[in-house]
Amino acid sequence: MSEDFENRHHSALGGGCIGRAAYRQRLPSFLADLPEVRYASLGPIADGDRVAAPYRLTARPDGHDVEVHGVMIITVEGDLVASRTDYWDSLGFLRQIGATES
């Protein structure tokens, strides 16, 4: 990641940050909140310095098996990731952990 990496989320539950240090500081909490988290790539599409990376995330928060689909739009500058915008299904996540019915 670049020093001024931009991490954006377009999901009601997501939260972004600016800077590699800020991202690294938040990462342990993310991993703790989503035990057994795994990402499966669903076939990235590249166009110059931008990549659309659809994925399937699985995890076991609070003992609930969850599967969330999303896509990251990644911008690369040189050999570093400059930004990532993540679009994912937060309502589907809430339903799977029993936080909402519909």
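In this predicted model, helix α1 carries a kink of about 30 degrees at L27, a position shortly before the proline P28. The helix runs over residues 20-33, and its 14 residues, taken at 1.5 Å a residue, should span 20 Å; because its end C-alpha atoms are 20 Å apart, the expected span and the span in the model agree.

From the helix we can turn to strand β7, which covers residues 80-88 and includes T85. The relative accessibility of T85 is 9%, and since buried means under 20%, T85 counts as buried. Once its neighbours within four places in sequence are left aside, T85 is in contact with R8, H10, V71, M72 and I73. With one of these residues, R8, the contact involves the two side chains, for the side chain of T85 makes a polar contact with that of R8 at 2.6 Å. As for V71, this residue is 14 residues apart from T85 in sequence, while the C-alpha atoms of the two are 8.3 Å apart in space.

Strand β7 is also the place of S83. Is S83 buried or exposed? Its relative accessibility is 8%, and therefore S83 counts as buried. When residues up to four places away in sequence are not counted, S83 touches F5, E6 and R8, and also I73, I74 and T75. R8 and I73 thus appear among the contacts of S83, and both R8 and I73 are likewise found among the contacts of T85.

Terms used. Residues numbered from 1 in each chain as written. Predicted model: local features only at pLDDT ≥ 70, side-chain atom pairs only at ≥ 80, totals over all residues. Heavy atoms only, no water. Helix = DSSP H or I, 4+ residues; strand = E, 2+ residues; numbered from the N terminus. Buried < 20%, exposed > 50% of the residue type's maximum accessible area, 1.4 Å probe, protein only. Contact = heavy atoms within 4.5 Å. Polar contact = N/O pair within 3.5 Å; in protein donor to acceptor, adjacent residues only side chain to side chain. Expected span 1.5 Å × (residues − 1). Bend = angle between axes of the 7 residues up to and from the residue.
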